[in-house]
Amino acid sequence: MSGNVRLLSDTLAAAKEEGRSALIAYLPAGFPTVDGGIEAVKAAIEGGADVVEVGLPHSDPVLDGPVIQTADDIALRGGVRIADVMRTVREAHAATGAPILVMTYWNPIDRYGVERFTAELAEAGGAGCILPDLPVQESALWREHAEKHGLATVFVVAPSSKDERLAEITAAGSGFVYAASLMGVTGTRASVSSQAEDLVRRTRVTTDTPVCVGLGVSNPAQAAEVARFADGVIVGSAFVKRMLDAPDDAAGVEAVRALAGELAKGVRGQV
């Protein structure tokens, strides 16, 4: 069975046709529970997100700040497994028809088995994977299986990436390029880094693949700011924080839906 890399590309292209950035939401699988996490992903899409990244909770999430670390810890203590991540992708995609990716560190895939992971993600209807800590020069095996199963391989570029390195990364990736707006970890911030626009400009010199910006975007005004120059706006910690702050799981799901609606207006410049 083939994955949904084409659906991802078509969704990003459709947003561009509308003259706007795509809204990409991040939510960890298994948080606050597996069922609650699935409902949250569906709510993000129903609220206005075009694409969702489902996080595979990890005990040492080096890219993630305290908010997502807290959610990952809750999910891991709840016993979340890779099978639950696949179920989250399957049920959210089946319910919404939207492209769903998995964001994961490399070690869980390596231990699970690349062929097994890619085959199961494709079977679940997944669109691909974001792999923040897999070096491009060590990614051949992953990319071979991802391509065979119709999955995107999304690599992360950072403001510190030299132009030559950007070209190497973008040549190997597919789906979109994840441009980290700043050096550091995920989290909500008062303002979006001024380095983000320059990074998008430099990345676009090397590729026609859409360039989407994440890290630090948390409200509609920031989403509108990033949408001026990026093909997609990625928001994670703000969604997770809304869920953590909610009085119960049902309220958390509704808070995700509401934030997605607010951010959807932001990427359309309606703020």
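This passage describes the pockets, cavities, helix contacts, an aromatic pair and a cis peptide bond of a predicted model.

We may begin with the open spaces. The largest pocket has a volume of about 320 Å³. Its lining is made up of 13 residues, and those closest to the pocket centre are Leu56, Pro57, Ile82, Pro108 and Arg111. Two elements give two or more residues each to this lining, namely helix H4 (82-96) and helix H5 (106-112). Of these, H5 gives the most, with four residues. By class, the lining of the largest pocket holds eight nonpolar, three polar and two charged residues.

The second largest pocket has a volume of about 220 Å³. Here 16 residues form the lining, with Leu12, Lys16, Arg204, Pro210 and Asp231 the closest to the centre. Helix H1 (residues 5-17) supplies the largest share of this lining, four residues. The class make-up of the second largest pocket is six nonpolar, five polar and five charged residues.

Closed spaces come next. A search of the whole structure finds two cavities of 30 Å³ or more. The second largest cavity contains about 70 Å³ of space. Around this cavity lie Tyr26, Gly55, Leu56, Asp64, Asp72, Met103, Thr104, Tyr105 and Pro132. Five of these lining residues are nonpolar, two are polar and two are charged. Readers following along in the structure may like to note Leu56, which lines the second largest cavity and is also among the residues closest to the centre of the largest pocket.

The helix packing can be followed around H12. Two packed helices are described by the angle between their axes and the distance between the axes. For helix H11 (residues 237-245) and helix H12 (residues 249-267), the axes come within 8 Å and cross at roughly 145°. The crossing of H11 and H12 is right-handed. On the H11 side, the contact is made by Ala238, Phe239, Arg242 and Met243, which meet Gly252, Ala255, Val256, Leu259, Ala260, Glu262 and Leu263 of H12. Sorted by class, the residues of this contact are eight nonpolar, one polar and two charged.

H12 also packs with helix H10 (residues 220-227), where the axes come within 7 Å and cross at roughly 35°. H10 and H12 likewise form a right-handed crossing. Pro220, Ala223, Ala224 and Ala227 of H10 take part, together with Glu262, Leu263, Gly266 and Val267 of H12. This contact has six nonpolar residues, one polar and one charged. Glu262 and Leu263 of H12 therefore appear in the contact with H11 as well as in the contact with H10.

Aromatic rings are considered next. The structure holds three aromatic pairs. One of them joins Trp106 and Trp142, with ring centres 6.2 Å apart and planes at 90°, so this pair is edge-to-face. Trp106 belongs to helix H5 and Trp142 to helix H7 (residues 140-148), and the pair links distant parts of the chain, 36 residues apart. Helix H5 is thus met again here, after its part in the lining of the largest pocket.

One detail of the backbone completes the account. The peptide bond from Phe31 to Pro32 is cis, with omega near 0°. Pro32 sits in the loop between strand E1 (22-28) and helix H2 (34-47).

Technical notes:
Residues are numbered from 1 along each chain as its sequence is written. This is a predicted model: local features need pLDDT of at least 70, side-chain atom pairs count only at pLDDT 80 or more; totals for chains, interfaces and linings use all residues. Side-chain values use heavy atoms; hydrogens and water are left out. On a 1 Å grid over the protein atoms alone, a cavity is a set of points where a 1.4 Å probe fits but cannot get out, and a pocket is an open set with protein on both sides within 12 Å along at least five of seven lines; lining residues have an atom within 4 Å of a point. Grid points are joined across faces, edges and corners, and a volume is the space filled by probe spheres set on the points. Ala, Val, Leu, Ile, Met, Phe, Trp, Tyr, Cys and Pro count as nonpolar, Asp, Glu, Lys and Arg as charged, and the others, Gly among them, as polar. Axes are lines fitted to C-alpha atoms, for helices over the stretch in contact, and angles run from 0 to 180 degrees between N-to-C directions. A crossing is left-handed if the near helix is turned anticlockwise from the far one by less than a right angle, and right-handed if clockwise. Contact means heavy atoms within 4.5 Å. Rings of Phe, Tyr and Trp (its six-membered ring) pair if their centres lie within 6.5 Å; planes under 30 degrees apart count as stacked, over 60 as edge-to-face and the rest as tilted.
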